[in-house]
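Please look over the structure shown below, and then follow the text through its open pockets, one of its helices and its enclosed space.

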Amino acid sequence: MRCTERAGAGAGGTRNISGTTHDHVLLEAELADLHGKEAALLFTSGYVSNWASLSTLASGIPNCVVLSDALNHASMIEGIRHSKAKRTIWKHNDLADLEAKLSSLPLEQPKLIAFESVYSMDADIAPIKEICDLADCYNAMTYLDEVHAVGIYGPRAGGIAEREGLMDRLTVIEGTLGKAFGVVGGYIAASAELCDFVRSFASGFIFTTALPPAVAAGAAASIRHLKESQAERLAHRARVAEVRTRLDQIGLHHIENPSHIIPVLVGDPARCKFISDMLLREYGIYIQPINYPTVPKGSERLRITPSPVHTTDNIDRLIDALEDLWAQCALARMPLVAQ
Ligand SMILES: *Cc1c(COP(=O)(O)O)cnc(C)c1O
């Protein structure tokens, strides 16, 4: 409110032509600090930050090869494609395949390994340290999308790389202000030179109106809060553990993974959609069905993402609803675990 009165509802221009306000500068400083980097650069969304940064880096670094994880987000794929740089896709989270691809390239050729920390469909987590080790060994730069981890993991909400003490080993860390931080916008954090390079050449940065100042101020407030407060992260972890335990108790198979996303396998697209529709219509619970082509045929699933503000009462209702619907659909359950 106060920021809107002071600075207006919109930025009124692009970052370079009158659209940069104090709030944008403070937010970039907050983000650089969050990831332990010299600088950060804001974009209007996480999608734009990936698209603009990867296309600018890969096309601007002469003869650069991008090594892209097979399950990378569309925004990374589009950015790499737009760069027209040579691109090699390595098997998802497969270090041996990444190493084979790195070792087939000349040591002095510029290389950029692009990957995510938490992948949102199977909710698995990349072996960041080992990827950084390979990058050092084969003279490659690294670009990590932490969109599903910032605000949720790490002692100051900096993501998986922060939790594992690896932030200084990554060339670029990318994130969103729109998911866990609850506002909108995207960014990269990196060296001052790299951020300047992207700032100077990325059309997706240069030729678009800056985020509204109040949005920037709101995102900075959210980050400042989550840097200090552990309450949300602790509650989140407790809720996730509670949902997993309750699913086990009623014998519903969910994919084990080290993250906050709980995929419950249905294994049939029509039933998956039906259960999701019924959950919303009959029980007032919104859970997305994930069908082919997002996931392979036969692994259709519901993706449950508990939040810190869900209550035990909410979880009771979810478990009761799933029990009803699993019975209606005659879906297989696991043998019940001993209570
Ligand atoms: C959502 C998402 C993005 C894009 O972020 P937005 O801020 O929503 O544009 C980038 N990468 C991944 C992995 C995402 O899931």
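In this predicted model, the lining of the largest pocket draws at least two residues from each of three elements, namely helix 12 (231-249), strand 10 (301-304) and helix 14 (312-328). The volume of this largest pocket is about 710 Å³, and among the 29 residues that line it, those closest to its centre are Ile304, Thr305, Pro306, Ser307 and His310. When the lining of the largest pocket is sorted by class, it is found to hold 14 nonpolar residues, ten polar ones and five charged ones.

The second largest pocket encloses about 520 Å³ of space, and its lining is made up of 27 residues, of which Leu71, His73, Glu116, Ser120 and His148 lie closest to the centre. Two or more lining residues are given to this second largest pocket by helix 4 (46-60), by helix 5 (74-83) and by strand 6 (172-176), and the largest share, three residues, is that of helix 4. In the lining of the second largest pocket there are twelve polar residues, together with nine nonpolar and six charged ones.

Helix 5, which contributes to the lining of that second largest pocket, can also be followed from the side of its buried residues. Which residues of helix 5 are buried? They are Ser75, Met76, Gly79, Ile80 and Ser83. Because these residues cover an arc of only 130° around the axis, they are placed on the same side of helix 5. The partners against which the buried residues of helix 5 pack are helix 4, strand 2 (65-69), strand 3 (86-90), strand 4 (111-116) and strand 5 (141-145), so that helix 4 appears both here and in the lining of the second largest pocket. Just after helix 5 comes Lys84, whose phi is positive, at about 65°.

There remains the space that is closed off, and here the count comes to one cavity of 30 Å³ or more. The largest cavity has a volume of about 80 Å³, and the residues that line it are Arg15, His24, Leu42, Phe43, Thr44, Gly204, Phe205, Thr208, Thr209, Ala210 and Leu211. Strand 1 (39-43) and helix 10 (203-206) each give at least two residues to the lining of this largest cavity, and by class its lining holds five nonpolar residues, five polar residues and one charged residue.

How values were computed: Residues numbered from 1 in each chain as written. Predicted model: local features only at pLDDT ≥ 70, side-chain atom pairs only at ≥ 80, totals over all residues. Heavy atoms only, no water. 1 Å grid on protein atoms, 1.4 Å probe; cavity = no way out; pocket = protein on both sides within 12 Å on 5 of 7 lines; lining within 4 Å. Points joined across faces, edges and corners; volume = space filled by probe spheres on them. Helix = DSSP H or I, 4+ residues; strand = E, 2+ residues; numbered from the N terminus. Nonpolar A, V, L, I, M, F, W, Y, C, P; charged D, E, K, R; others polar. Buried < 20%, exposed > 50% of the residue type's maximum accessible area, 1.4 Å probe, protein only. Arc of directions from axis to C-beta. Contact = heavy atoms within 4.5 Å.
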